[in-house]
Structures are given as structure tokens and as C-alpha cells.
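Here's a quick tour of one loop residue and one ligand pocket. Have the model open while you read.

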Amino acid sequence: MDIEELLGRMTPAEKAGQLTQYFYFTLPDTGDTEPAPGVDREEQPHAVEAALARGGAGSLLFVTDPAETNRLQRLALEGGGVPLLFGFDVIHGLRTIFPVPIAMAASWDTDLIERGQAVAAREARAVGIHLTFAPMVDIARDPRWGRIIEGAGEDPFLGAAVAAAQVRGFQRDLIAGPKHFAGYGAAVGGRDYDEANISEYELWNVYFEPFRAAVEAGAGNIMTAYMDLNGVPASGSHWLFTTVLRDTWGFRGFVVSDANAVRNLVTHGFAKDLPDAAARAVTAGVDLEMAISDPAYDHLPDTDVPADVIDTAVRRILEAKQRLGLFDNPYVDEDLARVTLADPAHREAAREAAQRSAVLLRNEGGLLPLAPDRSVAVIGPLADSKRDTLGPWVFDFDLDETVTVLDGIRRVAGDRVTYARGIPVAQRVFPSMFDMFGGNRPEDPEGFDADAAFAEAVEVATAADVAVVVLGEWQNMIGEAASRSSLDPPGRQLDLLKAVVATGTPTVLLLMNGRPLDLRWAAAHVPAILDIWYPGTQGGNAVADLLFGAVSPGGKLPFSWPRTVGQIPMTYSHTVSHEPQNQARRYWDEESTPLFPFGHGLSYGRFGYSDLTATVDGDDVRVSVTVTNTSGVTAPEVVQLYLHQRHGRASRPVRELKGFRRVVLDGGASERVEFAVTPEHRSYWHAAVRDRVLDDSVFDVYVGGDSTASLATTFEITTPG
Ligand code: NOJ
């Protein structure tokens, strides 16, 4: 297809259409909820189909049925003649659901992460999807914010590595759309969609880093963010989408707005009306408007936006379609789609991912792995909830093939397993905007007696050799529009845990969560705690593999786990200031250290670190360390390198992650692990210079199994002359 020739033939209305992406809802009507504010469930598909017939839509989102993508594609080709680009939130799998993104990040295994998103992309492309609104690469240092679950946590270096791996995986078959540019994770108070005020120093050094890495990895798309960033709505920011993204980083793909975010420029009190919103967004560099209904970009032909600005945006969309081969091959093979979705290799990959993402927070007395012949009481409301096992941000899952924790344990321990659900997660049902997708509301049967169920759970625990208690949050208590003001395990779950521990039966706590919860009591009284997150389709099998020792856990926390909500926001990567000797006692009533540090995670092995060296060679530094598995079992370890600059033009954090490597060592084995510390690792963005700088300085290097690593060495960099 000759894109310039096509562009030359298009009318202004058709061009505006190419720049419009409509939601197309073909979702089950669950009765009491609307699909989205202001959307008529009956009318919306007709309105979209009418737009397709007149060439008034370039892209659709939320269609996952291959027969439907083909039907709608045909309508578009018969209408405007330009193929549609189908987008969807393929966040952690399409049919095969992988652990939630924060869990995948906890694997610290970029190869695993890349392979996982490649599976997701393969399934998505098979049904006709071309663009995923993922990865979400927003740094999150406030776990009240529910969307912490969608990202890689608090750290820019880990976040950048995970972002790049996801882009590589997705882009084997799709266009990846890292989001939400930029600063969304810093919403004040952790309240979703609220404004973010972030210094430029922090933007460049922390919040931008995963985006920069995603762009370098070749991401074809970027999504805007909903909130005001430093007083300007991100979705209308020329600085973000032109100065930073294109002029500084050389991004060559297209930008999509978040849903209704162009219209929202009016809501923000920024744009005067919809034509003004459209003009300001497209001029800022927002090429495609994602619209639930009534797009602002419909008004583009009536604005005075120069024709070449519009043409540039349209060209970017057409080029993306060209690169995807849609002009030659717009349809999918529906039979092949069915086969691809059922691929057993995809389930195997999901099981491995769930094994590697679990984080063993505590294992006193070696309670785990469990001995094979013991009777096990499985307790808790989340132990047998298929929907919760999958986590949020999935829509095309198959509940029938979802393996819960109870299923997984039963497959190994058979009739040695007893089960009691105990109490519901929470007393109150939390309404979620995702309820419209069905299957989200755990209801109690009529006449349910919570006290009796609680007592039964305690009895079951008393009678067993080991109790495995599964606690956490319902999956719809976390994610978009699911912030919390407290980190307490909801409802009476903590009481249930206390009652089970009080029976004297050795207790293992499994956590299903996407944010850290207040575990102060559990960390002092429960011998074994394994964070399994929302582990996905194969979750239960993977959890059983871990519990019974077929594989060792080896995940590491991608965030600092606070003791209490009052410590938020917190990061290991803070600076030193007045009275550093009191740094751990900054509060009158609580320590200021986390309950579990960033990078923490145990395994069934035990690791020692020795012989740390740093050798300067010009601008580069080579760091080596010997890692030894001092236990008798094969186990994984993530070796982490942290850097600290002692003096310079800015006060730099006490330590920053600058390298990590996952190794698997047999019992008794040692390995020499090497890292390169390059000028890139030492550089940082300086507000006065308005660019990245390198300081001559003395640097401390810490290497170990978490961010409190004590094995240290130093090196000095002096620039000659
Ligand atoms: C709004 C969310 O903020 C964004 O992340 C998502 O991709 C879109 N809705 C589409 O579902």
C-alpha cells in the first residue's frame, strides 16, 4: 500500500476517523451495572458499526472473538476501505492467564517475562488483536494505589529491565503500548486518577526510566495518563509527547490516549470544549483517541489544526497497519485461533511463571517444603476461588481449566487434604468498575453462618498435621479504581489466622495479593509465609510444586514491604540527611524500616557471598562476587548489585539497584558472578544541567540477596585532566 497516495485520497472526516479508536462492547449483561458511564449497551455497537460504514473509525478495542474481529474488519474494509487496528488490554495473558505483572516482576527473570508475554501475544494475535495496552510501566511507591499490581514496583532499574523484556515478548506478534506516560503511579494519597506532582529530577531519574527502556526496546505505541502532571493534564502535554518522547528519545511509533482522556481535557478545566480538547491533544502528539463514545477527534475537521499535524498523526497509524501487514492480510484464521488458544505449551509456561514469581517471605525452622505424608488442612476464602486465582485485568479466561490452590494441593496430597473456607474475604462487597465483565462478585450462600464457618475452619486446622491458610484480597479490590486507605488484610481474615495459629498446628500462610498487606502480626507468629500473588491459570499446580518441594521458591520483592500504611510512600532508594543514625527511628511510634526490604525473598537453599571485587578499567568497572549455596538443596538466588555515590553535584540515594542476575546453584556449589558498572549506571539527570551527568566520585558497591546487602567494596572514578 502506498501510504502517501492513500493519505492524499482521504477526506478530513476520514482522517479524523483513522485517529479514533472506539470501545466495542460485546460483553455479557450482568444485570445491574452499566458498561461505562454514558454508554448505552444496546446502542453502542450500532453507533460503532455506523462509524465503520462511513470510514469513521481507525481502530476498535475490546473485541476478542476471532469471528467478531473478522466481521468487523469486513465492515471497515467495505466502508472506508482501510483495515482496522484491534487493541485490547492483554496484561497478563489472554486465554492462558499468567501471574499478575507485579508477580512476574518478582521473578526478576527477564527471560521468563519475555517468554510469558510472547505467549500472551501469540494468543492475542491469533484472535485478531494487534495492539496491547501493555506493559504498564508506572513506578509505584504507594501501595494504596491499586494499580501497583500492574507494574514492576518501586524501582527504576528493575522497572526498566522488566519493561524492555515485556516489549520484546509482546512485539513478537503485537504492537506493545507501554503506559501511562507519565507519573500516574504518584497519584496523591494513592487515590487513582488524582494528580501527580513530581519534580523533574524525580521524573527523569525514576518515573521516566522504564519508558525510556521500553522505547529503546522498540515499543511501537505509548499510552497517555489520566491525571494532571505538575499542573498540566498528561494527555495534553506537548512536553511529554513531543519534547521528551520524540525529540529526546527518538520514539517513532504512535501515541494513544487513555480511554476518554482527550475528552477529559475539558473535565480537567484545561480545554474550553471538545474541539479545543481535540486540537490540543493532537498538537501535543496524541495520535489516536481512545473513546468510549462521542470522540473529541470527530471535531478535528472543524478546528484550525494545520493539515500537516493531522497528516503526521494519520501517517503514523497507517504505517503501524502497514508494518502489521494488515493491508495484505486483514483477517484471522478462526480454526487456527482455537488451536493456538488451547496450546498446552502455553499452560506449561504459565506454571513455570507462577513457580518463579512466588516470594518466600519467611520460613522459620524450615517448615517448608512440607513432608509428603502429612495431613494438610487448607483454610481460607481464597483457597478455592477460581476467579481470584486469576487476578484482575483478565477478560477471556476459562474458569473450567483454572487450578486453584486447593485443587493443586489435592492433586499432590489427595485424601490427606481437608478444606474449610472459613469466612468471606470481607464483610462488604466492594463495587468494582470491572463487575460489568461478570464473575467478579463472591457472594455468600443465603443463610451463611460466618461464625459457624469460622469455628469449623479452626476445627479442621486442629485435626491436621499442617495448616495452609490462604488470605489476601479479592481480585477486584486491587487494580484500576481500587485504591485502599488501609493495608490491613480485609474482614476477619487476621482473626482467622490467629485462631488457626493458636491451635498449635504448624501454619503456612499463603498470600493472594497485589499490594503489600500489614503483616506485622503474621511476620512475628506464622513460621512460613509464601506470597503467591494472583498466580493465574496454573496457579494451584505451581503452588503445590512449591509447597511440596518439587521446585524451590526464588522470587524477590519488587517493592519495600511497609510495616504499616502510615510509612507510605517508602523506598529503599532514599537519600541520607540530618541525623542518619536515627534513620530507622524517624517515627515516634513505629520503625521507619520496612517489614521486608526491597529485593527480599528466601529459597529452600541458603546463600553466602564472598570475595567481592571492583576493578576500574577506564570508564568501566568490573564487579565480581562469589555466590555459594551453603545448603544441601538446589535452589535459585537473585544476586543483586547496589551502587552509592559518596559525593557529587547532587546527593544521590543511599543505594540504587544497578545489576541483578538469577542463578540456580546445586547444594554446596559456588559461582563467580560478574557485573559491569558502566557510565550509564553511574549517570543521573541533573536539574541545573538539564541533562544526564557523570560525577567524579567514590562509589560504594553492595552485593547480596536483597537491598540490605552488607558485603561492600568501593571504587573511585577520576576523569583525567
Ligand atoms: C483505562 C486504563 O487506565 C487503561 O490502562 C486501559 O488500557 C484502558 N482503560 C482500556 O481498557
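The notes below start with the ligand and then move to V63.

First, some housekeeping: this is a predicted model, where local features need pLDDT of at least 70, side-chain atom pairs count only at pLDDT 80 or more, and totals for chains, interfaces and linings use all residues. Residues are numbered from 1 along each chain as its sequence is written, and side-chain values use heavy atoms, with hydrogens and water left out.

**The ligand**

There are 13 residues around the ligand, and D89, R147, K179, H180 and D258 come nearest; a residue is near if one of its heavy atoms lies within 4 Å. Three side chains put an N or O atom by a ligand oxygen, as polar contacts (a pair of N or O atoms within 3.5 Å):

| Side chain | Distance to a ligand oxygen |
|---|---|
| R147 | 2.7 Å |
| K179 | 2.8 Å |
| H180 | 2.7 Å |

On its own the ligand exposes 300 Å², and the protein buries 96% of that (Shrake-Rupley areas, 1.4 Å probe).

**V63**

Now look at the loop between β2 (59-61) and α4 (66-79), where V63 sits; helices are DSSP runs of H or I, at least four residues, and strands are runs of E, at least two, numbered from the N terminus. V63 counts as buried because its relative accessibility is 0%, and the cut-off for buried is under 20% (1.4 Å probe, protein chains only). Leaving out residues up to four places away in sequence, V63 touches Y24, E68, T69, L72, F86, F88 and I129, with contact meaning heavy atoms within 4.5 Å. F23 is 40 residues from V63 in sequence, yet their C-alpha atoms are 8.4 Å apart in space.

Key
Buried means under 20% relative accessible area, exposed over 50%, partly exposed in between (1.4 Å probe, protein chains only). A polar contact is a pair of N or O atoms within 3.5 Å; within protein, one must be able to donate a hydrogen and the other to accept it, and residues adjacent in sequence count only if both atoms are side-chain atoms.
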